[in-house]
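Work through the exercises below with the sequence and the coordinates open beside you. Each task is followed by a solution that goes step by step.

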Amino acid sequence: MEVVIVPDAKAGGELIAGAMAQLLLDKPTALLGVATGSTPLPIYQALAAQVAAGAVDVSRARIAQLDEYVGLPAEHPESYRSVLRREVLEPLGIGMDAFFGPDGTAEDVRGACEAYDRALAEAGGVDLQLLGIGTDGHIGFNEPCSSLASRTRIKTLTEQTRVDNARFFDGDIGQVPHHVITQGIGTILEARHLVLLATGEGKADAVAATVEGPVAAVCPASALQLHAHATVVVDEGAAAKLKHADYFRHTFVNKPAWQGI
Ligand code: F6R
């Protein structure tokens, strides 16, 4: 995998938005897989700025959701569908008709998960999947010890993840759902390009395990090592525990510009 160390979150957002813009130039109908949480916000802001400046055309782009809370009505402000509408679709001017996501309120949860995997495949697969990382190494909401071959399914959030996410629910952990539908690790690995952004020292251990540890279900993000085109973008804080940081810096500085990320 490629590791790019950037000075700060804004620079990471701009780098990744640039890669998305290039993809959209090459393939205007690209299916972009998006994550929620705090980390990807600088990416969405940078991409929206490029769209506003007329530098990128997203009129034919499509957006796919990575995960969704189970049981939160779609119109709940913290359902991931609502969050993505607010933070991605509206700023980019993309309509809900170009949006793919699992139904977190379905009575038949298993059927909804299978239907979502089918919908992604029928749409031609995800071209670029954005990922954040949990302090416990989760991607999507594949918590530690998730199968590396898993498909979209229901998962139970760890207590740590619920504590981390309580900030989106007025700090009240009681409001944070226990369950989510998440793309499985096997599903995520089918995207053509995986781009993980991690910022802040709180992610340093998880990033080190992802990049320099063994491929192991105990750190779900380590599955990125199995992907032919995975890019991990980290700020200095998240890079703090990487033993090979100097090599990663050297590689990026000397990379031919035409290669992109
Ligand atoms: C959210 C998701 C999660 C987050 C992760 C980090 O859709 O898939 O894996 O990316 O929990 O969240 P933040 O960015 O808020 O630290």
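The exercises treat the ligand site, then two buried residues, and then backbone angles.

The model is predicted, so that local features need pLDDT of at least 70 and side-chain atom pairs count only at pLDDT 80 or more, while totals for chains, interfaces and linings use all residues. Residues are numbered from 1 along each chain as its sequence is written, and side-chain values use heavy atoms, with hydrogens and water left out.

**Exercise 1.** Determine which residues come nearest to the ligand and how the shell around the ligand divides.

*Solution.* Begin with the 14 residues around the ligand, of which Thr36, Thr39, Asp67, His138 and Gly140 come nearest; a residue is near if one of its heavy atoms lies within 4 Å. Next, sort the shell, which divides into 4 nonpolar, 7 polar and 3 charged residues, where Ala, Val, Leu, Ile, Met, Phe, Trp, Tyr, Cys and Pro count as nonpolar, Asp, Glu, Lys and Arg as charged, and the others, Gly among them, as polar.

**Exercise 2.** Find the distances from oxygen atoms of the ligand to polar atoms of His138, Gly140 and Lys203.

*Solution.* For His138, an N or O atom of the side chain is 2.7 Å from a ligand oxygen. For Gly140, a polar backbone atom is 2.7 Å from an oxygen atom of the ligand, and for Lys203 a polar side-chain atom lies 2.7 Å from a ligand oxygen. Finally, the protein covers 93% of the 410 Å² of accessible area that the ligand has on its own (Shrake-Rupley method, 1.4 Å probe).

**Exercise 3.** Are Ala98 and Thr187 buried or exposed?

*Solution.* Buried means under 20% relative accessible area, exposed over 50%, and partly exposed in between (1.4 Å probe, protein chains only). Ala98, in the loop between helix 3 (80–92) and strand 5 (99–100), has 15% relative accessibility and therefore counts as buried. Thr187, in helix 6 (residues 185–188), counts as buried because its relative accessibility is 7%. The side chain of Thr187 also makes a polar contact (a pair of N or O atoms within 3.5 Å, one able to donate a hydrogen and the other to accept it) with the side chain of Asp117 at 3.4 Å, and reaches the backbone nitrogen of Thr152 at 3.3 Å.

**Exercise 4.** What are the phi values of Cys145 and Asp170?

*Solution.* Most residues other than glycine have a negative phi. Phi of Cys145 is near 80°, a positive value, and Asp170 has a positive phi of about 55°. Cys145 is exposed, with a relative accessible area of 57%, and Asp170 is exposed at 72%.

Technical notes. Helices (H or I, at least four residues) and strands (E, at least two) are DSSP runs, numbered from the N terminus.
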